[in-house]
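The following exercises concern strand pairing, domain layout and the surroundings of a ligand. Each task is followed by a worked solution.

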Amino acid sequence: MSTATETKVKTIKGGSWLIEDVAPQDVFTPEDFSDEQKLMAQTAEEFMDQEVVPRSKELEEKKIETNVELLRKMAGLGLLGMDIPEKFGGLELDKVTGMILAEMLAHEGSFAVSHGGHTGIGSWPIVFYGNEAQKQKYLPKICSGEWLSAYALTEPHCGSDALALTTRAELSPDGKTYLLNGTKMWITNAGFADLFMTFAKVGGDKITCFIVEKGFPGVSTGAEEHKMGIMGSSTRTLILEDARVPAENLLGEIGKGHKIAFNCLNMGRLKLGAGAVGGSKYALGYAIRYSKERTAFGKAIGEFGLIQQKIARTSAHIYAAESMLYRTAAMIDSILEGVTHDSPDGTQLILRGIEEYAIECSIMKVMGSETLDYSCDEAVQIYGGYGYSKDYPVERFYRDARINRIFEGTNEINRLLIPGLLLRRAMKGELALIPAAKKLLDEITGFPSLKEESAELLAQEKKCVADAKKIVLMVAGAAMQKFTDKLVDQQEILGHIADMIMDVYACESSLLRTLKLAASSSEEKARLHMDLTQIYFAEAAARIEGEAKAALTAIAEGDLLRTQLAALKRFTKYIPTNTVVAGHRVARASLESNGWPLNTH
Ligand SMILES: Cc1cc2nc3c(=O)[nH]c(=O)nc-3n(C[C@H](O)[C@H](O)[C@H](O)COP(=O)(O)OP(=O)(O)OC[C@H]3O[C@@H](n4cnc5c(N)ncnc54)[C@H](O)[C@@H]3O)c2cc1C
């Protein structure tokens with residue numbers, strides 16, 4: 001992997017931040033972008049401004065051919081081969097740069113989704129699992145845009161429960177061809193794709209991936225779906241009726257297709273998070289500029305406290321999501337440092353590296369998509385009646401955003417995955433959650449320590465993060481003790497635990513970023529970062545306490561519950577900052593910068 005990341009960070013195990021202290025210098029932040037990364041961002045931004053945004057109306061009018069034309073134009077910049085090895089014509093970019101680019105494309109949801117469908121889940125199966133002949137045949141064409149690609153897993157009767165797919169693949173008696181039968185549903189890019197990464201069952205139950213070309217006999221697509229948003233993207237069924245797929249187009253191994261499907265989704269989730277961060281900034285930017293122009297009661301609406309509060313809160317959420325995004329991407333880059341597809345076992349190492357951070361990828365998917373919906377919703381509100389009109393941009397943003405909570409694993413499925421993966425790693429002894437929970441129990445049953453308040457910068461927030469980690473351990477420990485192996489059936493409790501884990505990651509990522517910046521600049525310069533962090537903490541600390549209480553009341557009752565709630569009180573002593581004053585400062589900075597005030601690209 002060619003890496004443009006100059007700032008090195010400590011390699012840590014996925015999820016280990018939940019039980020270990022992390023130092024500010026150990027995380028990567030957007031303030032660490034290299035000149036090369038900024039240059040890539042500029043290239044993508046110029047392409048969007050000059051080529052894509054002016055054609056927004058055509059995309060909204062469902063002119064899907066415009067999308068195809070733009071994708072092919074983008075190939076000229078190399079941006080269809082971001083994750084493809086250089087020897088096949090790609091750029092093999094580091095993950096941080098990949099996320100910066102995904103952010104840039106988010107102004108046009110239709111285009112971003114089509115680009116992601118092609119360069120991500122439509123290409124990664126070949127990049128990671130293809131043999132040399134398959135890579136040579138397909139990857140150069142994918143990079144050049146000569147062939148566009150799609151990923152076909154979902155079926156009409158199963159999306160979340162993807163392994164229940166019923167598309168069948170049977171080998172012909174001469175062993176040369178597989179006959180595929182079945183229907184795939186909601187396939188992004190289906191209307192123009194030349195290639196479909198298609199999942200089918202061989203021998204009745206062995207999930208297997210095939211590279212299906214549009215031109216193979218028996219392959220066709222249905223009509224365009226009538227969607228709520230991302231109008232310029234193509235979404236159709238893929239119909240396979242005795243589709244004849246040459247045996248050499250089987251990808252990876254028979255019966256290992258689920259690994260391909262899920263590993264590719266991990267990376268897809270992180271990229272979706274990046275697009276969501278970018279989209280949130282665009283929506284906020286429109287809202288900020290509108291709030292300066294629109295007057296009511298004799299002044300610009302951006303001067304009103306409740307509008308400033310929306311700007312400040314939205315900004316704090318974006319700050320947290322952005323901090324998590326680049327922290328995660330850099331952790332993947334760090335574990336993959338020096339590894340390329342050409343290294344011995346390179347592809348396997350890359351896959352394992354990405355899998356290591358599956359928890360963080362799921363967190364980014366959920367937090368990113370929910371930050372985007374929140375930002376778009378508040379942007380519509382700031383526009384008032386005009387926000388509800390198709391003549392103004394935020395109406396489209398609002399509709400385009402909504403799909404992100406549904407695809408790449410719904411947010412419910414990802415919420416279940418987050419504690420599920422953590423607990424599985426704990427049970428396997430890969431993550432020292434159990435010893436940490438035992439240590440915590442000693443602390444809870446002992447006398448509370450009466451440490452003096454520290455005068456360090458953001459000392460309260462540091463303590464809040466440490467306490468929040470203990471709350472997660474306490475609640476997860478109590479849930480495991482009560483439900484043991486039946487905990488998987490307690491979805492609401494797992495959901496509360498997931499929400500707390502996500503807020504811990506968000507709080508810690510914001511805090512470490514701010515502390516890292518403050519260590520190398522004046523407190524005055526770091527003021528805006530501190531405000532954003534403290535506004536997020538004020539909300540998150542209250543949320544974490546609420547989630548913990550809701551979970552504990554579903555786990556225990558009577559004296560046990562009272563004891564657990566008393567223990568919880570020891571860890572919920574955070575005193576929030578004055579968010580009104582901090583919010584005014586954030587809003588002022590945003591109004592002065594005419595948009596997202598921390599443009600680091
Ligand atoms: C515009 C668009 C583009 C898409 N692009 C692609 C693509 O390119 N390729 C592809 O393969 N697929 C694609 N999809 C499909 C998408 O991934 C699925 O829609 C998604 O995975 C959800 O599956 P479903 O629609 O069958 O909903 P279901 O699985 O039926 O879920 C319905 C609801 O039940 C919840 N639910 C389901 N199971 C559980 C559970 N165990 N616990 C708790 N709640 C649960 C879900 O979270 C959801 O809220 C696309 C979909 C859309 C709308």
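**Exercise 1. Domains.** State the bounds of domain 1 and domain 2, and give the separation of their C-alpha centres.

*Solution.* The model is a predicted one. The domain assignment of the protein places domain 1 at residues 150-255 and domain 2 at residues 418-593. Between the C-alpha centres of domain 1 and domain 2 the separation is 43 Å.

**Exercise 2. Partners of β2.** Determine in which sense, parallel or antiparallel, β2 pairs with β3 and with β4.

*Solution.* Step 1: β2 covers residues 168-171 and β3 covers residues 177-188; four bridges join them in the antiparallel sense. Within this pair, A169 is located opposite L180 of β3.

Step 2: the connection between β2 and β3 is a hairpin with five residues between the strands. In its turn, G175 adopts a positive phi of about 75 degrees.

Step 3: β4 (residues 195-202) pairs with β2 in the parallel sense, over two bridges. Here R168 faces K201 of β4. β2 is thus antiparallel to β3 and parallel to β4.

**Exercise 3. The ligand shell.** Describe the residues around the ligand by proximity, by element and by class.

*Solution.* Step 1: the ligand has 20 residues around it, counted with a C-beta cut-off of within 6 Å. Those that come nearest are G159, S160, T188, T410 and E412.

Step 2: at least two residues of the shell come from each of β1 (149-152), β3 and α13 (411-427).

Step 3: sorted by class, the shell comprises 10 nonpolar, eight polar and two charged residues.

How values were computed:
Residues numbered from 1 in each chain as written. Predicted model: local features only at pLDDT ≥ 70, side-chain atom pairs only at ≥ 80, totals over all residues. Pairing = 2+ DSSP bridges. Domains from an automatic or database assignment. Nonpolar A, V, L, I, M, F, W, Y, C, P; charged D, E, K, R; others polar.
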